[in-house]
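Got the viewer open? Keep the selection box handy and follow along from stop to stop.

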Amino acid sequence: MEHEYGYFTETDSIDVVIARNRVVGNERLKEVMPVIIRKLHEAVKEIESTQEEWLEAILFLTRTGHMCDDWRQEFILLSDVLGVSMLVDAINNRTPGAASESTVLGPFHMKGAPLREMGANICLDAKGEDMVVSGRILDTAGHPVADALIDVWQANDEGFYDVQQRGIQPEFNLRGVFRTGPDGRYWFRAVKPKFYPIPNDGPVGQLLEMLGRHPYRPAHLHYILSAPGFATLTTHVFDPDDPYIHSDAVFGVKESLIAKFELVRDAERSKALEFAGDFWDVKHDFVLVRAKDQAA
Ligand code: BEZ
Ligand code: FE
């Protein structure tokens, strides 16, 4: 029997492997696999991997898999630190100019956070520097969006999420869901978040160390914003004065997501907000895109 394409050689490796695939009924796989095979072979050819190096790569991926469980997704972390998560996010959220930009979800979102009264304090253990966050949810024409759900979560003043400190922080600390009224306004109280390292006790942490990179994310608040008829937006708001604002370990910072954190020294305002003293004032509007206008 004649060989189906040709024998495998260093020169012909890409064509030989692609020709072997006979994908039927899955057009996307048919389109994607040749690209993956070509890029992978090109990388090995350019690097001229030794057997030991290739085995090391395979063992690295094996350790990455072994690190995964219901809570820990080391492959997503790998994708994050390689900038691939942000690239996929960018490709899939080509929003019109006026709209708020998206960024990574991260591993610490919890479904089922409590719906709270507008203005509630999401800090349940009174630890940290008081902060009030407010703004509007608007459409791209500048009109308020009513009935928008603002799902917010953040790390505490030591850089830990509640789920990383079970038994230390109260359940659902620094999390909450708020619903806008007809004016599209939102506000809530919290504490100023702090920078923190992404989980770095596994192979991704070792990789960052070998690459001479730190594992820190600048202080931020996470948001998932949803409203009937609008595309759901997953995003952050960042503290501009954070030491890691220009070197986020996962490349999540975008200029438009950097808010103003203003320190307020005003006894009357503190009293009205039931804060003991000075507090941080963070103002940020979000602009949502109608689902029908979201570019594919
Ligand atoms: C986070 O911001 O929660 C996060 C994002 C990516 C990787 C690790 C943590
Ligand atoms: Fe985070």
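Here is a tour that starts with the whole chain and then goes residue by residue.

**The whole chain**

Start with everything in cartoon. Keep in mind that this is a predicted model. The chain holds seven helices and 11 strands, and its C-alpha trace spans about 90 × 40 × 30 Å along the principal axes. If you colour by accessibility, 41% of the 296 residues count as buried. Taking the contacts with a separation of 6 or more, 71% are between residues 24 or more positions apart.

**Helix α3 and its partners**

Select residues 51-66, which make up helix α3, and add 203-210, helix α6. The two axes lie 9 Å apart and the helices pack at an angle of about 135 degrees, so α3 is oblique to α6. Turn on side chains where they touch: F60, R63 and T64 come from α3, while P203, Q206 and L207 come from α6.

Now swap the second helix for α4, residues 74-81. Here the axes come within 7 Å and cross at roughly 125 degrees, which means that α3 is oblique to α4 too. On the α3 side the contact is made by F60, L61, T64 and G65, and on the α4 side by E74, F75 and L78. Notice that F60 and T64 turn up in the contact with α6 and again in the contact with α4.

While E74 is on screen, add R72 and D201: these three are linked in a network of salt bridges.

**The loop at V23**

Go to V23, in the loop between α1 (13-20) and α2 (27-47). Leaving out residues up to four places away in sequence, V23 touches L29 and K30. For a distance to try, pick the C-alpha atoms of V23 and M33: the two residues are 10 apart in sequence and 9.4 Å apart in space.

**R116, a buried arginine**

Next, centre on R116, in the loop between α5 (84-92) and β1 (130-139). Which side chain of opposite charge is nearest to R116? That is D162, but it is 7.5 Å away. A salt bridge needs a nitrogen and a carboxyl oxygen within 4 Å, and R116 has none, although it is buried. Look instead at the backbone oxygen of R175, which lies 2.8 Å from a polar atom of the R116 side chain. To see the surroundings, show I122, L124, F172, R175, G176, V177 and F178, which R116 contacts once its neighbours within four places in sequence are set aside.

**Salt bridges to click through**

The chain has 18 salt bridges in total. Here are some to visit.

- **D285 and R136.** Their side chains meet in a salt bridge, with 2.8 Å from N to O. This pair joins distant parts of the chain: D285 is in the loop between β10 (279-283) and β11 (286-288), R136 is in strand β1, and 149 residues separate them. D285 is partly exposed at 31% relative accessibility, and R136 is partly exposed at 30%.
- **D239 and K192.** This salt bridge has an N to O distance of 3.1 Å. It, too, links distant parts of the chain, 47 residues apart: D239 sits in the loop between β8 and β9, and K192 in the loop between β4 (185-191) and β5 (196-197). Switch on a surface and ask: are D239 and K192 buried or exposed? Both are buried.
- **D281 and K283.** Here the side chains meet at 2.7 Å, N to O. The two ends contrast in accessibility: D281 counts as buried because its relative accessibility is 4%, under the 20% limit, whereas K283 is exposed because its relative accessible area is 52%, over the 50% limit.

**Last stop: D241**

Go back to the loop between β8 (233-238) and β9 (260-264), where you will find D241. Its relative accessible area is 63%, so D241 is exposed. In that loop you have already met D239, which is buried. To finish, draw a line between the C-alpha atoms of D241 and F261: they are separated by 8.3 Å, and the residues are 20 apart along the chain.

Terms used
Residues numbered from 1 in each chain as written. Chains lettered and ligands numbered in written order. Predicted model: local features only at pLDDT ≥ 70, side-chain atom pairs only at ≥ 80, totals over all residues. Heavy atoms only, no water. Helix = DSSP H or I, 4+ residues; strand = E, 2+ residues; numbered from the N terminus. Buried < 20%, exposed > 50% of the residue type's maximum accessible area, 1.4 Å probe, protein only. Lys, Arg positive; Asp, Glu negative; His and termini not counted. Polar contact = N/O pair within 3.5 Å; in protein donor to acceptor, adjacent residues only side chain to side chain. Contact = heavy atoms within 4.5 Å. Axes fitted to C-alpha atoms, helices over the stretch in contact; angles between N-to-C directions. Parallel < 35°, antiparallel > 145°, perpendicular 65-115°, else oblique.
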